[in-house]
Amino acid sequence: MKTHVNRKTIPPSLAELLDIRGITVNKVAAICKTLGVGNLRELTTAVVLEQLERIQALTPENRKDIRRALKLDKGPNNRIQLWEAQRQGNEILQTIRQFPEVKRASLAGSLRRGKDTIGDFDIVVQVSGPESKKLLYKIDRMPFTERVIAAGKNKICIVLHNQALVFLYLTDEKHYGAALLYYTGSRNYNAFMETMASAKGYHLDPMGLYDHKINRYIATETEEEIFQYMTMDYVPPELREEQEGISAAALHKLPSLVTFDRLRGDMQIHSEWSDGEESIEHIARYMFDVFPHYQYIVITDHASNDRTGHVLRPDDISRQGAEIKRINDTLGCDYVKRGVEVDILENGRLSLPDELLKQFDWVIASIHSHFTEDNTFRLIKACENPYVHCIGHPSGRLIGTRAPYPVNWDLVLEKAAATGTALEINARPNRLDLNDTLIREAVARGVKLVINTDAHKLAQFDFMQLGIWMARKGGCCNTDILNTRKWEDVEKLKKGKISDVKKKV
Ligand code: DGT
Ligand code: CA
Ligand code: ZN
């Protein structure tokens with residue numbers, strides 16, 4: 001005899017499957033019966049093991065939507081770089097905020113934490129209960145929505161035309177803070193917070209902090225309130241990855257992270273003397289006007305004795321110096337510094353000899369070849385040169401297209417610290433190099449860091465915000481970042497390096 005299926009026969013934790021477009025009670029019942037799953041955890045395992053293929057009643061689109069709605073379809077190859085994710089995320093946020101049903105909305109998830117790539121968008125949305133139906137209709141009609149995949153009381157999942165997924169978590173005013181904390185994550189961080197809450201006699205979930213003694217939720221409206229009840233410092237989203245952020249906060253020892261307004265200059269810039277698009281004069285005038293808190297910029301064109309193409313040739317160097325002097329004279333201060341980016345060659349030597357390097361105010365040495373070999377030796381050799389002040393994009397990764405080359409970071413960080421050579425946090429969206437993990441290790445060893453845009457055109461100077469974000473995620477304070485200092489202090493460090501290296505090497 002055929003058993004009658006209805007909504008009530010579906011296990012409660014699997015009821016959210018019914019919010020997915022095209023998934024009927026019969027289909028969910030077939031999943032439960034055929035795969036023998038009775039809760040979300042079992043279903044997740046079955047989906048990961050690709051057992052949905054066994055359910056005849058499901059169309060290929062049904063299967064795909066189930067995987068997407070359960071966040072099980074996030075391949076490493078379709079992650080979005082942070083810069084682009086920020087642009088898209090803010091566009092969606094601005095659109096959603098204009099709907100009158102939306103009282104408040106914030107980005108959450110890995111985007112709010114500033115991870116270098118994000119798997120999908122998470123947005124916490126405060127709506128007034130009866131309005132959520134109207135909202136769904138409007139979300140369906142947003143210009144970037146391809147399709148609503150799932151829509152329930154608390155969650156809407158949409159896919160954009162570019163196939164990125166957006167999860168909207170609907171909440172009310174009273175539980176907004178708790179929802180924002182939970183959906184900002186990370187998962188590891190949530191787990192730590194939940195353990196901390198239990199130790200203090202609370203229970204933490206997306207509704208808030210539940211106090212067992214009085215049997216109700218106590219802190220729910222803002223994230224700050226939850227941290228206060230847990231007697232912790234407020235943990236900035238950037239630091240919500242691993243236990244370090246949480247234990248430091250509990251001990252009231254969180255660092256005060258570097259901020260954009262404290263930067264004094266950009267120390268890697270390419271002009272039309274190499275592969276940049278703009279004249280030095282254009283760059284200088286633009287920066288002087290648009291970034292008024294910068295006190296200096298360093299022009300660092302590629303230079304080589306023998307590389308062909310768009311590079312500064314040895315006989316260009318003095319002419320470029322004269323041009324910089326002329327520009328500084330018209331600006332009335334020493335705003336533009338003479339820098340250079342040289343190649344670290346295969347044998348660890350540099351693409352310009354020391355006699356020429358000496359003429360520059362700032363020398364960056366970078367690897368631009370042999371990306372698959374172990375490059376520890378080349379980096380160490382470059383650090384040992386008394387005229388090299390900084391290593392550019394030290395790990396060599398290009399996010400999504402080129403893995404970092406193998407490097408023994410223990411040795412390189414030790415050498416950078418010992419020789420007083422700075423390492424770069426290159427802020428280009430596809431580099432973010434060093435990444436947050438290496439930044440943290442560098443800071444722990446006392447290596448100085450410089451945040452640079454590596455700009456080749458004017459619009460790219462905005463990447464500095466991204467570099468600051470990475471530095472914050474790596475736990476950097478103002479004092480860890482060399483270009484928060486006045487140029488006179490940079491000069492002092494340079495002098496220290498020359499005498500130290502000469503003594504030690
Ligand atoms: P992504 O999208 O791969 O770049 O990374 P996230 O961190 O945005 O992760 P996602 O989108 O899977 O989930 C968003 C946040 O929601 C996550 O950071 C923490 C929270 N969350 C989601 N599912 C769980 C869970 O099962 N347990 C806990 N503790 N937190 C969760
Ligand atoms: Ca996410
Ligand atoms: Zn370079």
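Which residues in helix 2 (residues 40-48) are buried? In this predicted model, they are Leu-43, Ala-46 and Val-47. Because these residues cover an arc of only 100° around the axis, they sit on the same side of helix 2. An α-helix has 3.6 residues a turn, so residues three or four places apart point the same way. The other side of helix 2 carries Arg-41 and Val-48, and both of these are exposed.

What covers the buried residues of helix 2? The cover includes helix 1 (25-35) and helix 3 (60-69). The two ends of helix 2 are worth a look as well. At its start, Asn-39 places a side-chain oxygen within 3.1 Å of the backbone nitrogen of Arg-41. Glu-50 follows helix 2, and its phi is positive, near 60°.

## The chain as a whole

Stepping back from helix 2, the chain has 18 helices and 17 strands. Taken along the principal axes, its C-alpha atoms fill a box of roughly 90 × 50 × 45 Å. Of the 505 residues in the chain, 54% are buried. Among contacts with a separation of 6 or more, 67% are between residues 24 or more positions apart.

## The open sheet

Now to the strands. One open sheet has 7 strands in the order 11-12-13-14-15-16-17, and its pairing is parallel. Which strands lie at its edges? They are strand 11 (265-269) and strand 17 (449-452), each of which pairs on one side only.

Is strand 11, at one edge of the sheet, open to the surroundings or enclosed by the rest of the structure? Strand 11 is largely enclosed, because 5 of its 5 residues are buried. Its parallel partner is strand 12 (residues 296-303), and 3 bridges join the two. Within this pair, Ile-269 has Ile-299 of strand 12 as its bridge partner.

At the other edge, strand 17 pairs with strand 16 (residues 422-426) in the parallel sense, over 4 bridges. Here Ile-425 stands opposite Ile-451 in strand 17.

## A hairpin

For an antiparallel example, turn to strand 8 (residues 202-205) and strand 9 (residues 208-211), which pair over 4 bridges. The two strands form a hairpin, with 2 residues between them. Asp-205 stands opposite Gly-208 in strand 9.

## The calcium site

Which protein atoms are donors of the calcium ion (ligand 2)? They are Asp-120 (O), Asp-120 (OD) and Asp-122 (OD), at 2.1 to 2.9 Å from the ion. Asp-120 thus appears with both O and OD in this list. The site has 6 donor atoms, and the angles among them run from 68 to 168°, which makes it irregular. Both aspartates are buried: Asp-120 has a relative accessible area of 2%, and Asp-122 has one of 7%.

## Two residues in their settings

The accessibility of these two aspartates can be set beside that of two further residues, Thr-145 and Cys-333.

| Residue | Relative accessible area | State |
|---|---|---|
| Asp-120 | 2% | buried |
| Asp-122 | 7% | buried |
| Thr-145 | 6% | buried |
| Cys-333 | 33% | partly exposed |

Thr-145 lies in strand 5 (residues 145-151). What surrounds Thr-145, leaving aside its neighbours within four places in sequence? Its contacts are with Ile-139, Asp-140, Ile-158, Val-159, Leu-160 and His-161. With Ile-139 there is also a polar approach: a polar atom of the Thr-145 side chain lies 2.8 Å from the backbone oxygen of Ile-139. Thr-145 counts as buried because its relative accessible area, 6%, falls under 20%.

Where is Cys-333 placed? Cys-333 is in the loop between helix 12 (317-331) and strand 13 (336-343). With a relative accessible area of 33%, Cys-333 is partly exposed. Leaving aside neighbours within four places in sequence, Cys-333 is in contact with Phe-288 and Asn-328. How far apart are Cys-333 and Tyr-296 in space? The distance from C-alpha to C-alpha is 9.4 Å, while in sequence these two residues are 37 residues apart.

Notes: Residues are numbered from 1 along each chain as its sequence is written. Chains are lettered from A and ligands numbered from 1 in the order in which they are written. This is a predicted model: local features need pLDDT of at least 70, side-chain atom pairs count only at pLDDT 80 or more; totals for chains, interfaces and linings use all residues. Side-chain values use heavy atoms; hydrogens and water are left out. Buried means under 20% relative accessible area, exposed over 50%, partly exposed in between (1.4 Å probe, protein chains only). The arc is that of the directions from the helix axis to the C-beta atoms. Contact means heavy atoms within 4.5 Å. A polar contact is a pair of N or O atoms within 3.5 Å; within protein, one must be able to donate a hydrogen and the other to accept it, and residues adjacent in sequence count only if both atoms are side-chain atoms. Donors are N, O and S atoms within 2.8 Å of the metal (3.2 Å for Na, K and Ca); water is not among the atoms, so sites may look incomplete. Four donors count as tetrahedral if all angles lie between 85 and 135 degrees; four count as square planar and six as octahedral if opposite donors are over 155 degrees apart and all others between 65 and 115; anything else is irregular. Two strands pair if DSSP finds at least two bridges between them.
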